[in-house]
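Got your viewer open? Let's take a short walk through this model, one selection at a time.

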Amino acid sequence: ILTFPYKIYCLCIKGFLFYFCDMKSIKQLNQTIQSILAGEKQISERGKYRFICMALAFIHFLLTARFYFLEYTILFLYNILAIALYLVLGLYFSEQKKYAWLYYGCYTEITFFAAFATLLAGWNWGFMIYLIAFTPVSFYLAYSSPLFGHNIKKPLFFVLVTMLVFAVTRILSVHFKPIYTELDFDTNLTVSYLANAIIAFLGLMLFSVLFTIEIRQNEIRLEEQYRLLETISSKDPLTGLINRRSMDHSLLEAVEQSKKSGLVFSVILGDIDDFKRVNDTYGHNVGDKVLVQVADMITKNCTEGCRICRWGGEEILIFVPENEIITKGIAEKIRQSIEKIRVETDADTVSVTMTFGMTEYSPGLPLNKLVSIADNRLYYGKEHGKNQVVSKLPDDAPVLDK
């Protein structure tokens, strides 16, 4: 009776040894585990269920050895069939994404085997420990898998069924003598009980690790979404420049650093010349193209550490961590580069110029006053020819309170 199953068993041993002794497979498996633990790789539903099926197949593979040497023929044959079942579930049903069949198949086999093996071999073998270990596994799958829709009703039902099977098996094992009897202090019985307990603990540990990984991956996804939302909330959607709220924050940080370490910084406020005329003549689509090209040109010509903000409408505010002299050179370079911009329309080519007002921060100067000084100088440049950088006002120039 055992000749054919024994040949299959030997083939299984060779297959497992070939796989686990293949250094390339071990290296790939190790890399995958490291990536999952680091949160760099997500656990797919297919991969998760395939791994579960292969793990259960391996447990039954170990049990076949135990039952073969104890000459428990029925349980030996059953475990051969169980291995085949998990191979089919893991290799075929996971590929077909039939995860419900996978879960129900695993649940049915584990529950049946625990009760069946207990009735055949006796309660003291410890097979019913598997049913206790199954409880947290059910809730783990309910949380992590879309199969249950994160609903605890289904896993709760399965756990209640498991409890019923546990109770009924206990009652039957008391009233019916097992086919494979054992002595009270038999060494084989003790070893088998400990082995089953260890397998149950290892299973719980495995699913606890998987559950921890799921939580960490969810945290990583939330962190990525938070960073994305933070980026969206801090940037102007048209130009990609930071928005006014983000610039206010940067200026406040710069003031604090200036108080602590004497940081020197300046601001440049620029305004596109005759932008309203561009919008009125060519339409807002052309106006948007002008804004985008101006923003790109300013970004290309700013030095490291600068912060560029769409301050409002066609106004651009630039934070420069330099003194007034260096900042003026940067502003002039930007102005000259913007002169070269040409925006093509259906009937014409639009040239662009920009006027800038700038100032250096003085300790104790309020931020609104700092921007106001740059704004006054910008306004003066607008009124006196445009397309220029104004770093100082003439003594007789009027000062506007903006």
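Start by selecting F275, V278, N279 and Y282 in helix α10, then add H284, V286, G287, V290 and L291 in helix α11: these two groups meet, where contact means heavy atoms within 4.5 Å. Sort the residues of this contact and you get six nonpolar, three polar and no charged. (Ala, Val, Leu, Ile, Met, Phe, Trp, Tyr, Cys and Pro count as nonpolar, Asp, Glu, Lys and Arg as charged, and the others, Gly among them, as polar.)

Quick note before moving on: this is a predicted model, where local features need pLDDT of at least 70, side-chain atom pairs count only at pLDDT 80 or more, and totals for chains, interfaces and linings use all residues. Residues are numbered from 1 along each chain as its sequence is written, and side-chain values use heavy atoms, leaving out hydrogens and water.

Next, select residues 266-272, which is strand β1. (Strands are DSSP runs of E, at least two residues, numbered from the N terminus; helices are runs of H or I, at least four.) Are its residues buried or exposed? Seven of the seven are buried, meaning under 20% relative accessible area with a 1.4 Å probe, protein chains only. Colour S266, I268, G270 and I272 for one side, and V267, L269 and D271 for the other: both faces are covered. In a regular strand, side chains alternate between the two faces of the sheet.

Now show the neighbours. Strand β3 (residues 315-320) runs antiparallel to β1, joined by six bridges; pairing takes at least two DSSP bridges. Look for G270, whose bridge partner in β3 is I316. Finish at strand β6 (residues 354-360), also antiparallel to β1, with seven bridges, and find L269 opposite G357.

Technical notes
Buried means under 20% relative accessible area, exposed over 50%, partly exposed in between (1.4 Å probe, protein chains only).
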